Amino acid sequence: MSPSLNRVAGRGAVVTLGTQGVRLVVQVVGLAVLGRLLTPHDYGLVAIVSVLVSAGEIFRDFGLSAAAIQAKTLSAAQRDNLFWINSGMGLVLAVVLCAASPLLAHLYGDDRLVLLAVVMASVFVLNGLSTQYRAGLARDLQFGRLSGAELIGQVTGVAVAVAVAVLGGGYWALAAQWVSAQCVVLVLLVAWSRWVPGRVDRTASVRPFVRFGSALLGTTLLNNAVSYAPPLALGLTSTPAAVGVYGRAQQLVTMPLLQIQAPTTRVALPVLSRLQDDTKRFAELLLRGQLLLLTLIGLLFAVLFAQAPAAVRVLVGPQWGAAVPLFRLLLVAGFLQAATYAANWVFQARGRTGSQLRFFLLTKPLFVLAIAVGAWWGPVGTATAYTLACALGWPLSLLWMRRLGGVPVARMLGNGLRTGVLVVLASSASWAATHVVPLPAVLDLVVGGLVAVAVAAAAIGLLPAHRRELAVALRAVRSSRRGGGTGPGAGGAPGGGARRGGPVRRARATLRRVATRAWFSSGVPTSLDRWLVRSALRRARRAGTAGAPAGGLHLVLAAPGAGNVGDQALLEAVVERSAPPVLLAVPLAQTPALPQAIAGRVELLDAPHLLYGDGAQHRASVRRYGAALARVSHVSLIGADVMDGGYSLPASVRRSALVTAAAQAGLDTRVIGFSWNGSPRWAARRGLRRAGAAGVRLLARDPVSAGRLRRDGVRGVSEVADVVFAARSVDESAAAQLLQGVSAPVALVNASGLIARRADLRDDHERVVRGLLDRGLHVVLLPHVARPDADDLAACRDLAARFAPGEVQLVDRLLTPAQVRGLARRAAVVVTGRMHLAVMSLLSGVPAITLATQGKVEGLAQLFGTPELAVEPVPGFADRVLPLVDRSLPVQSRVRAAVAASRARVIALAELNFTGLGLLDPRTRDDDVCPSIDVAATAAIPVEGNVEQHPR
């Protein structure tokens, strides 16, 4: 398995298991307190309704959460549609349960079930709204946020339940626990996901998700029928008290089982889904995950089985003594059930839910029948039947998986059997240690637990295979704690340097980040900025400079720029196409490197702390900006991909506030050619709405971004194209130098440091390059960004080191945008992780296969009618890229024809960015060739180290 995914899986396990450990403590405390405040009859009454709610939850989910996580690609419109499907199902199920509540009360002979069912039906609505929020965080590997929301919700639910029970609410305490917990979880998921669903998009098909989900729904229904059959059968053959005793024993087992199974599945499913096309890595991660899961659950259950009387007495009180034999039987069933979880991972991660459904259709009805028969012998007969059903399910699932191919069934069986031996040995030793000398119940658990761990450790030492596999899994967990992120935006290099530091330092950084986001989300800082701009402008106008003269300055707010060819290209295109003079505000203390042909048109505004500064320095920069507005007639903000809060929320909302203040002052104001992702931060969306309402022209650079903005309720949106498509300068000096003597067709390949920071895709990049070489192309590795937090230079050098000297050509510096355009004109195909390299290639009519990040590439591909050229950067992406290369190379290919046919229209759209600005040269470009303009450009774009402290 790749080191990056090792860290992802390991860190995800640390985060989720750590949080689940806290949740387990909270749940145990809640059980201990509520078990003493409520009666078995209270639990039995709520258990009848909760079983129906839990069963209905399967229909509410419809397998669509797993489908969204497992999918190789998921568009914003598809996610919106899935949200409304889940929400609608939740509402329908709530209405159905409310309508059926009188029948439920009649069936069980208790009228209290009517109102209880109506109240608990609200859980359907709450969970329906939260389904795709959970799936989105899991898909993005944001395990910390997901686990944190569930932990806070659980703590709230337990606190509410205890309060209601103390006040004498009886069974209503348990109902309040369910509802309050889900309310809190939903609020936190919405706040932390940075996503507001749009309207239903009928053009975005969700049929593949529904097919996947419907098969998973069937398997889940059949699987849960086995779990829900015991209390339902007992409810018909025994008293509510018997149902309560059985439900209490079952809860004591499922509580720790789910606390371990849920986080491991949450980590395993998205990671395995990314490896579904890599059989070897898939098998490695599967086996290690299975072994870690079984070992944790096995040791815990070994202690609980040996010390069952003490565990029941401590956890729920002495009045539940009748649950002890049921508890022991169900612990055995729980371990056998855990052994089948890895099989479920395989079915779902590989998208083989249809095969899983067929397997369950053959086996689960027999299990339900066995449980129904066992219920006639009371709770013990029911527990025995359930245990036998689980014992049969595990080997049958392994036999069935042999049909899938590529699954290490024999090694999975070995993992289960070895762990079973450990459990028996550890449990026997634990029981013997506490039965020699009678001890208090708490000491029984402590001593029994220590003995079980010691015996298990000794036994592991005698099993080399078990010891070796477990050691590898634990090393992955330990390495994840030293570094590496869990998903997009985690920060740091592949080694995880950005995450290093002690836990106190990381906690402080997290608190600081949360406090900063909360402060800027409040709207107070941006309101202060707008007030400072207005007051500075009034003072400047009173000083005699009021009103911009005809042909006044054009103020341009640049993107971060330093060390980024794309940001440099945006700035040069705007300055090149604008009539002088141009007043330029750069976001950092840096001097822009502009070609000499246009550098003389620019005057710098001394406001280096306008976007990223704090305190007095920031306020001084804002005042200078406000005073400068008295000298300008146009204000243009280069929006790029920095408006939606994806990089830096403070900088995004400040940009919107600055252009809003300019528009409110009566100036022609626009945000030039920017993209908008499908999950913008709420404060960024609010800021842009205010800007649009103030009259700012919002020029979205692709149809996808324009549609997202309109769905988010933003006004003043116009569809244009990226401003770099309007650039005219071309410098072929670098191409002439680099390609001297090269007669083979050229392929430009960019290895993005941003993508390398998030996932280890070096093997795929190597496969792509070797595939290009095999096709007779001369490969040039071209870096596009050189910044400490996302260094293409390092990524390209690492890729070049995998080849013999002379096999590939590495450009060991950043070229200027004009030089990149000159080099792109010589290429036959481009494979890039950077969008603006794709832009400059398409400008020359060269197909650009682009690894899609930040949700901004899909719209670019749609502009040219080539959506297939946007490829998700996941393990195995080489399998998609190389066929696209074959489809792009032929001169008469459909891809080249689509690019050529769209080029003139896209250039015309890019020109719309400058409407009303008084262009320096209003000529349109030749449709066939980019004219070469002789420019004395700088040799390279400087790399600024301070960009690391101010990320976009």
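Here are some short exercises on this predicted model, each with a worked solution.

Residues are numbered from 1 along each chain as its sequence is written. In this predicted model, local features need pLDDT of at least 70 and side-chain atom pairs count only at pLDDT 80 or more, while totals for chains, interfaces and linings use all residues, and side-chain values use heavy atoms, with hydrogens and water left out.

**Exercise 1. The parallel sheet**

Task: work out the strand order of the open sheet of 7 strands, and find which strands stand at the edges.

Solution. Start with the vocabulary: helices (H or I, at least four residues) and strands (E, at least two) are DSSP runs, numbered from the N terminus. Two strands pair if DSSP finds at least two bridges between them.

Step 1. Reading across the open sheet gives β3-β2-β1-β4-β5-β6-β7, with parallel pairing.

Step 2. The edges are taken by β3 (602–604) and β7 (717–719); each has a single partner strand, so one side of each is left without a neighbour in the sheet.

Step 3. From one strand to the next, the twist averages 25°. Axes here are lines fitted to C-alpha atoms, for helices over the stretch in contact, and angles run from 0 to 180 degrees between N-to-C directions.

**Exercise 2. From β4 to β7**

Task: follow the pairings from β4 to β7, then say which helices pack on these strands and what handedness the crossovers have.

Solution. Step 1. Strand β4 (residues 632–640) and strand β5 (residues 668–674) run parallel and are joined by 6 bridges. Within β5, I672 is the bridge partner of I638.

Step 2. Helix α22 (residues 565–577) packs on the sheet and touches β1 (553–557), β2 (582–585), β3, β4 and β5, with its direction at about 155° to that of β4. Contact means heavy atoms within 4.5 Å.

Step 3. Next, β5 and β6 run parallel with 3 bridges between them, and F674 has A700 in β6 as its bridge partner. Together, β5, helix α26 (residues 682–693) and β6 make a right-handed β-α-β unit. Right-handed means that, with the strands pointing away from the viewer, the path from the first strand over the helix to the second runs clockwise.

Step 4. Finally, β6 and β7 also pair in the parallel sense, over 3 bridges, and L699 finds its bridge partner S718 in β7. The chain goes from β6 through α27 to β7 in a right-handed β-α-β crossover. Helix α27 (residues 703–711) lies across β5, β6 (697–700) and β7, at about 160° to β7.

**Exercise 3. Two residues of helix α25**

Task: describe the surroundings of S656 and T660, and find the polar contact between them.

Solution. Step 1. T660 sits in helix α25 (residues 649–664), and S656 belongs to helix α25 too.

Step 2. Buried means under 20% relative accessible area, exposed over 50%, partly exposed in between (1.4 Å probe, protein chains only). T660 is buried because its relative accessibility is 0%, and S656 is buried because its value is 1%.

Step 3. A polar atom of the T660 side chain lies 2.6 Å from the backbone oxygen of S656. That fits the rule for a polar contact: N or O atoms within 3.5 Å, where within protein one must be able to donate a hydrogen and the other to accept it, and residues adjacent in sequence count only if both atoms are side-chain atoms.

Step 4. Leaving aside neighbours within four places in sequence, T660 is in contact with R530, G687, R690, A691, A694 and V696. With the same exclusion, S656 is in contact with M643, G687, L688 and A691.

**Exercise 4. Aromatic pairs**

Task: classify the pairs F83–Y133 and F725–F864.

Solution. Step 1. Rings of Phe, Tyr and Trp (its six-membered ring) pair if their centres lie within 6.5 Å; planes under 30 degrees apart count as stacked, over 60 as edge-to-face and the rest as tilted. The count by this rule is 5 aromatic pairs.

Step 2. F83 and Y133 are edge-to-face, at 6.1 Å centre to centre with 90° between the planes. F83 lies in helix α4 (residues 76–108) and Y133 in helix α6 (residues 122–139), so the pair ties together parts 50 residues apart in sequence. F83 is buried at 6% relative accessible area, as is Y133 at 5%.

Step 3. For F725 and F864, the centres are 5.7 Å apart and the planes are at 40°, so the pair is tilted. F725 and F864 are both buried.
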